[in-house]
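Good morning, colleagues, and thank you for the time. Please take a moment to look at the sequence and the structure before I begin.

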Amino acid sequence: MRTLALTIGSLMMVPAAALAQQAQPAPGAAAPATSATAAAPTVGATIYDSAGVALGTVASITPQAVILNTGTAQVPVPPASIGKTDKGFAMAMTKTDLDAAVASSQAQAQAAVKAKLTPGTAVSGLQGASLGTIKSADAQFVTVTTAKGDVKLPIAGFSADASGKVIVGITADQLAAATAGTSASAAAPTK
């Protein structure tokens, strides 16, 4: 997500102040009671693109980012990139541009993770516990050598944390339970 935030942030060509200028009244007209940028979106608010097409809804807000749910991704965008217009909250990019930026960022993140899936690389679980090291990887699976033997996991379950450490979407307890179930079924006699 960090890469996504940087990519999306760099695509914001017109800051919220410029959007606010677009919504200013004509000369001689009464000024609005509050400035166009004074109001901030709230969770659930719809954010529109520069053409008036809905980009998505606000899923959550932090001081660093507004998390926009586009329906296909959770996209962090800088709060300053969202401005208030006469039609509601908007960003100065089109839905097509946002979708392309999200797809590009996701592809870059996936490629970066795949590049880390090399033999000998340490793998941690969701709660930070060490699970083992990578033995091998192909287009679909990663074989991880654990204390209880080799385990083949889907490549889609792997990612990297903020520090670049390889993690897999399973806890050490879940992995132990899954491997225990596999060992028990392999040891069970067949009739």
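**Salt bridges, sheet and overall picture**

I begin with a pair of charged residues: Asp150 and Lys135 form a salt bridge, in which the closest N and O atoms are 2.6 Å apart. This contact links distant parts of the chain, since Asp150 belongs to strand β10 (residues 149-154) and Lys135 to strand β8 (residues 130-137), 15 residues apart. I should say at once that what you see is a predicted model.

In general terms, side chains of opposite charge can pair when their charged atoms come close. How exposed are the two partners here? Asp150 has a relative accessible area of 41% and is therefore partly exposed. Lys135, at 46% relative accessibility, is likewise counted as partly exposed.

How many salt bridges does the structure hold? There are two. The other joins Lys95 to Asp99, with 3.4 Å between the closest N and O atoms. Both of these residues sit in helix α3, four residues apart, which is about one turn of the helix. Lys95 counts as partly exposed because its relative accessibility is 22%, and buried would require a value under 20%. Asp99 is partly exposed as well, at 34%.

Let me now turn to the sheet. Six strands make up an open sheet with mixed pairing, and their order is β4-β3-β2-β1-β6-β5. Which strands stand at the edges? They are β4 (74-77) and β5 (82-85); each has a single partner strand, so one side of each is left without a neighbour in the sheet. From one strand to the next, the twist averages 45 degrees.

Helix α3, the helix of the Lys95 and Asp99 pair, spans residues 95-116 and packs on this sheet. The helix touches β2, β3 and β4, and its direction makes about 55 degrees with that of β2.

I shall now go through some of the strand pairs. Strand β2 (residues 54-61) and strand β3 (residues 66-69) run antiparallel and are joined by four bridges. Within this pair, Thr57 has Asn69 of β3 as its bridge partner, while Ile61 is matched with Val66. The two strands form a hairpin, with four residues between them.

Strand β3 also pairs with β4, again in the antiparallel sense and over four bridges. Val66, which we have just met as the partner of Ile61, has Val77 as its bridge partner in β4. This pair, too, is a hairpin with four residues between the strands. In its turn lies Gly71, whose phi is positive, at about 100 degrees.

At the other edge, β5 pairs with strand β6 (residues 88-91) in the antiparallel sense, over four bridges. Gly83 stands opposite Ala90 in β6. The hairpin formed by β5 and β6 has two residues between its strands.

I close with the chain as a whole. The protein chain has four helices and twelve strands. It comprises 191 residues, of which 32% count as buried. Its accessible surface comes to about 11000 Å², and 59% of that belongs to carbon and sulfur atoms. Finally, among the contacts between residues at least 6 apart in sequence, 44% join residues at least 24 apart.

Technical notes: Residues numbered from 1 in each chain as written. Predicted model: local features only at pLDDT ≥ 70, side-chain atom pairs only at ≥ 80, totals over all residues. Heavy atoms only, no water. Buried < 20%, exposed > 50% of the residue type's maximum accessible area, 1.4 Å probe, protein only. Contact = heavy atoms within 4.5 Å. Areas by Shrake-Rupley, 256 points an atom, 1.4 Å probe, with all protein chains shown as cover. Pairing = 2+ DSSP bridges. Axes fitted to C-alpha atoms, helices over the stretch in contact; angles between N-to-C directions. Salt bridge = Lys/Arg side-chain N within 4 Å of Asp/Glu carboxyl O.
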